[in-house]
Amino acid sequence: LQLQHSGRYRCGGRVKRWTSWQGVSAPVTVTVHGVPVSGVSLRAQPPGGQVALGDRLVLSCAVAAGTGPLSFSWHRGGSRAPLGTGPRLELRHVGDNDSGHYQCRVSDGDSVAESVPLNVTVLGERDSLEW
């Protein structure tokens, strides 16, 4: 069942015995409701969101429930401007300015849900040394 199946329906039938009889039911209205988006989560590769300077970071967004079509957007530090769209965000060569809290936002056109922010830390050479 999909959202576009909403509408007015009726059924009809015909019985043939000694005489023909044909009948049509009164119309009924069927409304298909979408399931609101919920359970948005994200994961990072490498796990935990700690990535070395210059390495690759991949963030993936998952949705537990929601009626499509779904649209995805990625945000850092509460910014309204999206970093990307789609269920994955790939940063090929992370830099110092890529640190921060990342969130995935998912919408079905009617409802919006966001993941819990993930703190991404870019480790520079000095950060990864133990003294």
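This report describes strands, loops and side-chain pairs in a predicted model.

## Basis of the model

Residues are numbered from 1 along each chain as its sequence is written, and side-chain values use heavy atoms, leaving out hydrogens and water. Because the model is predicted, local features need pLDDT of at least 70 and side-chain atom pairs count only at pLDDT 80 or more, whereas totals for chains, interfaces and linings use all residues.

## The annotated domain

An unreviewed UniProt entry carries the annotation "domain: Ig-like" for residues 27–121. UniProt positions are given here in the numbering of this model, with feature names shortened, and such annotations may be inferred rather than shown by experiment. Over residues 27–121 the chain is 53% strand and 0% helix. Helices (H or I, at least four residues) and strands (E, at least two) are DSSP runs, numbered from the N terminus. The C-alpha atoms at the two ends of residues 27–121 are 60 Å apart.

## A three-stranded sheet

An open sheet is formed by three strands in the order 5-7-10, with antiparallel pairing. Two strands pair if DSSP finds at least two bridges between them. Strand 5 (38–45) and strand 10 (88–91) are the edge strands, each pairing on one side only. On average, neighbouring strands of this sheet are turned by 15° against each other, direction ignored. For such angles, axes are lines fitted to C-alpha atoms (for helices over the stretch in contact), and the angles run from 0 to 180 degrees between N-to-C directions.

Strand 5 and strand 7 (residues 57–65) run antiparallel and are joined by seven bridges. Ala44 stands opposite Leu59 in strand 7. Beyond strand 5, the peptide bond from Gln45 to Pro46 is cis, with omega near 10°. Pro46 lies in the loop between strand 5 and strand 6 (50–52).

## Strand 13 and its partners

Strand 13 (residues 118–123) has two faces: Leu118, Val120 and Val122 make up the covered one, and Asn119, Thr121 and Leu123 the uncovered one. Strand 6 runs parallel to strand 13, and three bridges join them. Here Ala52 has Leu123 as its bridge partner in strand 13.

Strand 11 also pairs with strand 13, over three bridges, but in the antiparallel sense. His101 stands opposite Asn119 in strand 13.

## Two loop residues

Ser111 is found in the loop between strand 11 (100–107) and strand 12 (112–114). Is Ser111 buried or exposed? Ser111 counts as buried because its relative accessibility is 16%. Buried means under 20% relative accessible area, exposed over 50%, and partly exposed in between (1.4 Å probe, protein chains only). The side chain of Ser111 reaches the backbone nitrogen of Val37 at 3.1 Å. A polar contact is a pair of N or O atoms within 3.5 Å; within protein, one must be able to donate a hydrogen and the other to accept it, and residues adjacent in sequence count only if both atoms are side-chain atoms. Leaving aside neighbours within four places in sequence, Ser111 is in contact (heavy atoms within 4.5 Å) with Pro36, Val37 and Val106.

Gly66 is found in the loop between strand 7 and strand 8 (71–76). At 33% relative accessibility, Gly66 is partly exposed. Its contacts, again without neighbours within four places in sequence, are Val35, Pro36 and Val37. Gly66 and Gln45 are 21 residues apart along the chain, and their C-alpha atoms are separated by 25 Å.

## Salt bridges

How many salt bridges does the structure hold? The structure holds five. A salt bridge is a side-chain nitrogen of Lys or Arg within 4 Å of a carboxyl oxygen of Asp or Glu. One of them joins the side chains of Arg56 and Glu90, at 3.1 Å from N to O. Arg56 lies in the loop between strand 6 and strand 7 and Glu90 in strand 10, so this pair ties together parts that are 34 residues apart in sequence. Arg56 is partly exposed at 47% relative accessibility, and Glu90 is partly exposed at 30%. Glu90 also meets Arg92 in a salt bridge, at 3.7 Å from N to O. Arg92 counts as exposed, with 60% relative accessibility.

Glu114 forms a salt bridge with Arg105, with the closest N and O atoms 2.7 Å apart. Glu114 is partly exposed, with a relative accessible area of 39%, and so is Arg105, with 23%. Salt bridges that share partners join Arg56, Arg88, Glu90 and Arg92 into one network.
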